[in-house]
Amino acid sequence: MKSDPTTLFIYALSVTVLSMVSRDPRVLLALALLNLPLGTYLGRKRGVIFFLLYFLGLFGIFLNSVAFSNQGTAVLDVGPLVVREGAVKAFLRVFLRLSSILGAALIFYGLADIRELLDALECTMRIPRGFVFSLAVGLRMLALLQRDAGEILEMRAQRGHSRRPLTPGSLSSFLRTLLSVALERGLWIGVAAELRGLSLRERRPRPYRPGLGDVVLLVLLALQLTITILSMVC
Amino acid sequence: MLVQTVPELRYSAVDYAILGVVAAVMGVVFVVAWDFYYLVKALLGPIGARVFTYGIWFMAAPLAASLVRKPLSAFSGEVLAALVETIIPTYGGYTNLIYGVAQGLASELAYLIFGYRRWGPLQAALSGALAGPVAVTLDQILFPELITAKTFAALVLAATASGALYGLIAYGVSRVRK
């Protein structure tokens, strides 16, 4: 199912906002059911680890629910740990909310092409050209930065420092080294772009023409919007 | 030069490229910070985690502003880094972008109230600190079940202190550009 990056961007952002503002557990369940299965299918290339870590994170949310919302009748009593109805309800609401947010994001990641997204941001969504150029530079530099970061961490380990910069001081030291290399590259990318006439380049507006995949997503979004609004009104 | 007489408004391609570099560096740091946040949260709880890690997510704005020193550079730096964090798949998905826009607007205020003439450590610390209450308010919207009225004030204080600390660190890091 081919979809325009504009549709995918709007879809993922809108579902995220709806999930954030919804309080009704039935609405959250509907949003999660509409997004998580499709997102999991489209985002299956992310691998098992991605989903495994998500479920590990949910365990932390369960502990937080027990810490902050443990009220009502006891549901589970295991020695010193008493899980009450309030904690279970809080956990389920947060789980459904996060699942719909993750599902919408996975739909985006599964269908969007980053190069097409950058083009759509500038030509269809009319985001300022310079802003999109910055984003393009940032995304192009990611691979180089990962390599640089790996080398810096290796050097830190060889010099007897902790491999991971876990304190504010070591984070500062790590970032200074990483940034000094990256800024030099950025400077020359900027100079080259200026010489190629970046500031003189005309924007090529591209009209938004939704295809079948876009219509499916927009109908799905309209459905979720209706459910959320109805739950707030009724 | 920490004080400018007239703020320069026009962005050059080099400024945009530097914003891109900040976005990439901080986008990567933001992604790694999730693991750090969960580790500290497991050891010190939600308030300790916010004191020691939350400010990391507010660093892009003061870093970008200290490097570019033009109006809206703090906002652009934070939003671009959040966009990179959104595009590199993380569990937060598009919440990262929503947080980035809100935090970027709050951080930009620190430079706006000084008329875009001062880009020093005070402004950087203020820029980080102002993002704290905004982030915790968004947390309250996202996790109303997990943040009680009692903890909200403590979390705001923790995030603000963390933002100020990491804002200062961002300013220190920006000094690599002579």
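**Close-up views of chains A and B**

**View 1. A salt bridge links Glu145(B) to Arg97(A).** In this predicted model, the two side chains come together with 3.2 Å from N to O. How many salt bridges are there between chain B and chain A? The count is one. Polar contacts add to the picture, with eight residue pairs counted between chain B and chain A, both partners at pLDDT 80 or more.

**View 2. Six helices of chain B help build the side that touches chain A.** They are H1 (13-53), H2 (60-68), H3 (73-87), H4 (95-112), H5 (121-142) and H6 (149-174), and each one brings at least two residues. Which helix gives the largest share? That's H1(B), with 15 residues. Sort the residues on this side of chain B by class and you get 40 nonpolar, twelve polar and five charged.

**View 3. Here is the whole meeting place of chain B and chain A.** On the chain B side, 57 residues are in contact, and they face 60 residues of chain A. Together the chains bury about 5200 Å², and 80% of that lies on carbon and sulfur atoms. Three residues are worth picking out: Tyr91(B), Tyr94(B) and Glu145(B) supply 17% of the area that chain B buries against chain A, more than any other three residues. Glu145(B) is also the salt-bridge partner of Arg97(A).

**View 4. H5(B) and H6(B) cross within chain B.** Their axes come within 6 Å, at an angle of roughly 145°, and the crossing is right-handed. Look along H5(B) for residues including Ala124(B), Gly128(B), Gly132(B) and Val136(B); on H6(B), the residues they meet include Phe152(B), Ala159(B), Gly163(B) and Gly167(B). What classes of residue make up this contact? There are 13 nonpolar and seven polar residues, and no charged ones.

**View 5. H6(B) also meets a helix of chain A, H7(A).** H7(A) covers residues 168-195, and its axis comes within 9 Å of the H6(B) axis, crossing at roughly 35°. This crossing is right-handed too. From H7(A) come Pro168(A), Leu171(A), Ser172(A), Leu175(A), Arg176(A) and Leu179(A). From H6(B) come Leu165(B), Tyr166(B), Ile169(B), Gly172(B) and Val173(B). By class, that makes eight nonpolar, two polar and one charged.

**View 6. Two loop residues, Arg126(A) and Tyr116(B), have a positive phi.** Why point these out? Because most residues other than glycine have a negative phi. Arg126(A) has a phi near 60°, and its place is the loop between H5 (114-123) and H6 (129-158) of chain A. Over in chain B, Tyr116(B) has a phi of about 55°. You'll find Tyr116(B) in the loop between H4 and H5 of chain B.

Definitions and conventions. Residues are numbered from 1 along each chain as its sequence is written. Chains are lettered from A and ligands numbered from 1 in the order in which they are written. This is a predicted model: local features need pLDDT of at least 70, side-chain atom pairs count only at pLDDT 80 or more; totals for chains, interfaces and linings use all residues. Side-chain values use heavy atoms; hydrogens and water are left out. Contact means heavy atoms within 4.5 Å. Buried area is the accessible area (1.4 Å probe) that two parts lose on being put together, summed over both. A salt bridge is a side-chain nitrogen of Lys or Arg within 4 Å of a carboxyl oxygen of Asp or Glu. A polar contact is a pair of N or O atoms within 3.5 Å; within protein, one must be able to donate a hydrogen and the other to accept it, and residues adjacent in sequence count only if both atoms are side-chain atoms. Helices (H or I, at least four residues) and strands (E, at least two) are DSSP runs, numbered from the N terminus. Ala, Val, Leu, Ile, Met, Phe, Trp, Tyr, Cys and Pro count as nonpolar, Asp, Glu, Lys and Arg as charged, and the others, Gly among them, as polar. Axes are lines fitted to C-alpha atoms, for helices over the stretch in contact, and angles run from 0 to 180 degrees between N-to-C directions. A crossing is left-handed if the near helix is turned anticlockwise from the far one by less than a right angle, and right-handed if clockwise.
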